[in-house]
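New to this one? Take a look at the sequence and the model, and then we'll walk through them together.

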Amino acid sequence: MFVKTILLAYLINIVILMPTENSTLQISIIGIGSDEGLVQVLVFNGPEGFPDKPAKTIKNLSAPIKDAVSNLSVKGLKPGRYAVAVFHDHDGDGKMRTGLFGIPKDAYGFSNNARSTFSAPSFESAAFEVGNNNVNISIDLAK
């Protein structure tokens with residue numbers, strides 16, 4: 001009986017101390033420029049695929065635009081480091097329009113409003129921490 005009680009107490013402690021997937025990330029995207037199309041949002045939990053490989057994301061979402069602003073929630077995040085890449089998808093096809101030499105035609109942005117001169121910013125420059133609490137971030141697409 002004593003062994004069963006110890007085992008039960010141990011299992012209860014594991015369940016109580018286990019990290020929960022209850023954090024919500026609130027993203028506010030501003031400076032969009034128009035209400036045309038959608039905003040595409042890619043959420044990464046590591047540098048692999050950041051910032052433009054949707055197959056490597058943990059969440060790949062789209063959101064409507066109203067008054068040149070878009071707000072959305074990403075629920076169920078585990079504690080850890082994340083980075084977000086966003087672009088204004090004018091025609092709603094899920095793809096960023098590019099011009100000569102692959103230069104983006106659509107407005108884009110990253111968490112921490114990270115920018116780089118001749119390439120996309122690194123995961124580390126856009127990364128932020130999510131703990132057991134909700135997190136609010138704002139991304140400005142204005143160039």
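## Strands that pair up

Before anything else, a quick word on pairing: two strands pair if DSSP finds at least two bridges between them. With that in hand, look at strand S8 (residues 135-140), where Ile137 stands opposite Ile27. The strands S1 and S8 pair in the parallel sense, over six bridges.

S1, which covers residues 23-30, is also joined by six bridges to strand S4 (residues 70-77), and these two run antiparallel. Here's one pair to find on screen: the bridge partner of Ser23 in S4 is Leu77. As a rule of thumb for looking at strands, in a regular strand the side chains alternate between the two faces of the sheet.

## The chain as a whole

Keep in mind that what you're looking at is a predicted model. The chain has two helices and eight strands. Read from the N terminus, the order is α-β-β-β-β-β-β-α-β-β.

How many residues does the chain have, and what share of them count as buried? There are 143 residues, and 33% of them count as buried. As for who touches whom, take the contacts between residues at least 6 apart in sequence: 69% of these join residues at least 24 apart.

## Ala83 and Phe50

Let's zoom in on Ala83, which sits in strand S5. Is Ala83 buried or exposed? Its relative accessible area is 0%, so Ala83 is buried. Leaving out residues up to four places away in sequence, Ala83 touches nine residues' worth of neighbours worth hunting for, including Leu42, Val43, Phe44, Phe50, Ser111 and Phe128. Along the sequence, Ala83 and Glu124 are 41 residues apart, yet from C-alpha to C-alpha they are 8.0 Å apart in space.

One of those neighbours, Phe50, is found in the loop between S2 and strand S3 (59-64). Phe50 has 11% relative accessibility, so this residue counts as buried. With residues up to four places away in sequence set aside, Phe50 touches Phe44, Ala83, Val84, Ala85, Phe110, Pro121, Ser122, Phe123 and Ala126. Ala126 lies 76 residues from Phe50 along the chain, and the C-alpha atoms of the two are separated by 9.8 Å.

## A buried Asp

Next, find Asp106 in the loop between strand S5 (80-89) and strand S6 (108-110). Why does Asp106 count as buried? Because its relative accessible area is 0%, and buried means under 20%.

What does the side chain of Asp106 make a polar contact with? The partner is the side chain of Arg97, at 2.7 Å.

## The largest pocket

Now for some empty space. Rolling a probe the size of a water molecule over the atoms shows where empty space is left. In this model, the largest pocket has a volume of about 570 Å³. It is lined by 24 residues, and the closest to its centre are Pro51, Asp52, Met96, Pro104 and Tyr108.

Which elements give two or more residues to the lining of the largest pocket? They are strand S2 (38-44), S5 and S6. S5 gives three residues, the largest share of that lining. By residue type, the lining of the largest pocket divides into 14 nonpolar, seven polar and three charged residues.

Definitions and conventions. Residues numbered from 1 in each chain as written. Predicted model: local features only at pLDDT ≥ 70, side-chain atom pairs only at ≥ 80, totals over all residues. Heavy atoms only, no water. Helix = DSSP H or I, 4+ residues; strand = E, 2+ residues; numbered from the N terminus. Buried < 20%, exposed > 50% of the residue type's maximum accessible area, 1.4 Å probe, protein only. Polar contact = N/O pair within 3.5 Å; in protein donor to acceptor, adjacent residues only side chain to side chain. Contact = heavy atoms within 4.5 Å. 1 Å grid on protein atoms, 1.4 Å probe; cavity = no way out; pocket = protein on both sides within 12 Å on 5 of 7 lines; lining within 4 Å. Points joined across faces, edges and corners; volume = space filled by probe spheres on them. Nonpolar A, V, L, I, M, F, W, Y, C, P; charged D, E, K, R; others polar.
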